Amino acid sequence: MAEFKYQGNKRLLTGLVISDKADKTIVVRVETLVKHPLLKKYIRRRKKFMAHDPANDCGVGDTVQIVESRPMSRRKRWHLVKILEKAV
């Protein structure tokens, strides 16, 4: 699940790499649990972020940590901090 921690005043997210096809870019899917206002059940919300991976270290299925950064392209505004777990 998503961990919302902050490094300074930048968001730090944990997610799963779902694509590494672009050069020096990964697509990370972050899941959060949100309580439904009427039914009071928890709903899983998923969001995709494009992150900068300068060394092309990540592969599909890796669990990674990303942090907010300056815009590097139109959709890429996150940077890879570290790989928490490699895919088998």
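Which residue has its backbone nitrogen 2.8 Å from a polar atom of the side chain of aspartate 62? The residue is glycine 59, whose backbone nitrogen lies at that distance from the aspartate side chain. The setting of this contact is best understood once the chain as a whole has been described.

The model is predicted. The protein chain has an average pLDDT of 93, and 92% of the residues reach a score of at least 70. Confidence varies among the elements: strand 1, residues 5-7, has the lowest mean pLDDT, at 63, whereas strand 4, residues 42-52, has the highest, at 98.

The chain contains six strands and zero helices, so that the order of elements from the N terminus reads β-β-β-β-β-β, with the strands defined as DSSP runs. Its C-alpha trace extends over about 45 × 35 × 20 Å along the principal axes. Of the 88 residues, 31% count as buried. The accessible surface amounts to about 6200 Å², and carbon and sulfur atoms account for 51% of that area. Among contacts between residues at least 6 apart in sequence, 49% link residues at least 24 apart.

The pairing of the strands can be followed along the chain. Strand 2 and strand 3 are antiparallel and pair over three bridges, with serine 19 opposite valine 27 of strand 3. These two strands form a hairpin that has five residues between them. Strand 3 also pairs with strand 4; these strands run antiparallel and are joined by 11 bridges. In this pairing threonine 25 stands opposite histidine 52 of strand 4. Strand 3 and strand 4 likewise form a hairpin, with six residues between them, and lysine 40 in the turn has a positive phi of about 60 degrees.

Lysine 47 offers a local view of strand 4, in which it lies. Its C-alpha is 5.6 Å from that of arginine 29, although 18 residues separate the two in sequence. Beyond its neighbours within four places in sequence, lysine 47 is in contact with Val28, Arg29 and Val30.

The interior comes next. The largest nonpolar core has 12 residues: Leu13, Val17, Ile26, Val28, Val30, Phe49, Ala51, Cys58, Val64, Ile66, Trp78 and Leu80. Two or more residues of this core come from each of strand 2 (10-19), strand 3 (25-35), strand 4, strand 5 (63-68) and strand 6 (76-85). Strand 3 makes the greatest contribution, with three residues. Isoleucine 26, one of the core residues, illustrates how parts of the chain meet. With neighbours within four places in sequence left aside, isoleucine 26 contacts Val17, Ser19, Asp20, Phe49, Met50, Ala51, Asp53, Cys58, Val64 and Leu80.

Two residues outside the strands merit attention for their backbone conformation. Most residues other than glycine have a negative phi. Lysine 24, which is not a glycine, nevertheless has a positive phi of about 60 degrees. This lysine is located in the loop between strand 2 and strand 3, and its relative accessible area of 38% makes it partly exposed. Asparagine 56 is another non-glycine residue with a positive phi, in this case of about 55 degrees. Asparagine 56 belongs to the loop between strand 4 and strand 5. It is classed as partly exposed because its relative accessibility is 40%, between the limits of 20% and 50%.

The opening residue can now be placed. Aspartate 62 also occupies the loop between strand 4 and strand 5. How buried or exposed is aspartate 62? Its relative accessible area is 2%, and aspartate 62 therefore counts as buried, the cut-off being under 20%. In addition to the approach of the glycine 59 backbone nitrogen to its side chain, aspartate 62 has a side-chain polar contact of 3.2 Å with lysine 86. Its surroundings, not counting residues up to four places away in sequence, consist of Gly15, Leu16, Val17, Asp57, Ile83, Glu85, Lys86 and Ala87. Val17 in this list is also a member of the largest nonpolar core.

Technical notes. Residues are numbered from 1 along each chain as its sequence is written. This is a predicted model: local features need pLDDT of at least 70, side-chain atom pairs count only at pLDDT 80 or more; totals for chains, interfaces and linings use all residues. Side-chain values use heavy atoms; hydrogens and water are left out. pLDDT is the predictor's confidence in each residue, from 0 to 100. Helices (H or I, at least four residues) and strands (E, at least two) are DSSP runs, numbered from the N terminus. A nonpolar core is a set of buried Ala, Val, Leu, Ile, Met, Phe, Trp, Tyr and Cys residues joined through side-chain atoms within 4.5 Å. Buried means under 20% relative accessible area, exposed over 50%, partly exposed in between (1.4 Å probe, protein chains only). Contact means heavy atoms within 4.5 Å. Two strands pair if DSSP finds at least two bridges between them. A polar contact is a pair of N or O atoms within 3.5 Å; within protein, one must be able to donate a hydrogen and the other to accept it, and residues adjacent in sequence count only if both atoms are side-chain atoms. Accessible areas come from the Shrake-Rupley method with a 1.4 Å probe; for residues, only the protein chains shown count as cover.
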